[in-house]
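Please open the structure in your viewer and keep the sequence panel beside it. The tour moves from one selection to the next, and each stop says what is to be found there.

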Amino acid sequence: MSNMKIAVLASGSGSNLQALIDSIKDGALPAEIALVISNNPEAFALERAKREGIESRVVQVSDFDSRENYDEELIKIIKEYNVELVILAGYMLICSKPFVEEFYGKLINLHPSMLPEFPGADAIGDALRSGAKVTGVTVHFVDEGCDSGPIIFQEEVVIKEDDTEEKLAERIHAVEHKILPKAVKYYAQGRLHLEDRTVSVG
Ligand code: GRF
């Protein structure tokens, strides 16, 4: 059986892209990254893709007159690659409704908190400032809301009294680098069943 083809969208460092690359190389993840797309030409994720000989594309919002047109171009590009799963790994834009509708059920996102706690762009800082004792990581299917889709896996990370944002982020990223490849593996194995808003794991 051929490996499941995936596309990864990333805006920044791409350490989670790297975790996927490493899991594939280790033989732990039966997948092939067919394409990396970034909205940010400076994203280090693009460099990681290049090093591995993975195809990458930069598509910038500023080159389009609306978010819908930008997302339409993304849909067109992704469809050319016949991928079975689209992964938002540190992709810092909210997907438009047509984009979500196109890929619903095969579009997943990684978020650095125990959703529905601390949605949004600064989840780690928000958790720290809130005085919460626990935060974590969520992998979820994407719906039309912001960080609101059906949850696949979550794992807690304890917030320590002397934590800084940097120290907490480091522990959160370490969990992300395990939980994202795990979710992708389960998806590839057909073990994630999405019904209404609930994911059951087989
Ligand atoms: C991760 O913390 C992810 O949860 C969030 O953005 C960050 C991306 O990190 N959505 P990286 O670019 O994969 O290193």
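Begin by selecting Pro116, which in this predicted model lies in the loop between strand 5 and helix 5 (123-130). Show the backbone on both sides of the bond that precedes this proline, and you will find that Leu115 and Pro116 are joined by a cis peptide bond, with omega about 10°.

For a second backbone feature, move to the loop between strand 6 (134-141) and strand 7 (151-158) and select Asp147 there. The phi angle of Asp147 is near 55°, a positive value in a residue that is not glycine. Both stops are worth a look because most residues other than glycine have a negative phi, and most peptide bonds are trans.

Next, select the ligand, which occupies the space of the largest pocket. To display the shell around the ligand, add Gly12, Ser13, Gly14, Ser15, Asn16, Gly90, Leu110, His111, Pro112, His173 and Glu176. If you colour this shell by class, two residues are nonpolar, eight are polar and one is charged. Colouring by secondary structure instead shows that helix 1 (15-25), strand 5 (107-111) and helix 6 (165-188) each contribute at least two residues to the shell.

Which distances are worth drawing between the ligand and Gly14, Leu110 and Glu176? From an oxygen atom of the ligand, draw a line to a backbone N or O atom of Gly14, which is 2.7 Å away. A nitrogen atom of the ligand lies 3.2 Å from a backbone N or O atom of Leu110. With Glu176 the side chain is involved, one of its N or O atoms being 2.3 Å from an oxygen atom of the ligand. Of the 360 Å² of accessible area that the ligand has on its own, the protein covers 86%.

Finally, select helix 3 (residues 67-80), where Arg67 and Asp71 sit four residues apart, about one turn of the helix. These two residues, Arg67 and Asp71, form a salt bridge in which the closest N and O atoms are 3.3 Å apart. A search of the whole structure gives 12 salt bridges.

Notes. Residues numbered from 1 in each chain as written. Predicted model: local features only at pLDDT ≥ 70, side-chain atom pairs only at ≥ 80, totals over all residues. Heavy atoms only, no water. Near = heavy atom within 4 Å. Polar contact = N/O pair within 3.5 Å; in protein donor to acceptor, adjacent residues only side chain to side chain. Areas by Shrake-Rupley, 256 points an atom, 1.4 Å probe, with all protein chains shown as cover. 1 Å grid on protein atoms, 1.4 Å probe; cavity = no way out; pocket = protein on both sides within 12 Å on 5 of 7 lines; lining within 4 Å. Sits in = over half its atoms within 2 Å of the grid points. Nonpolar A, V, L, I, M, F, W, Y, C, P; charged D, E, K, R; others polar. Salt bridge = Lys/Arg side-chain N within 4 Å of Asp/Glu carboxyl O.
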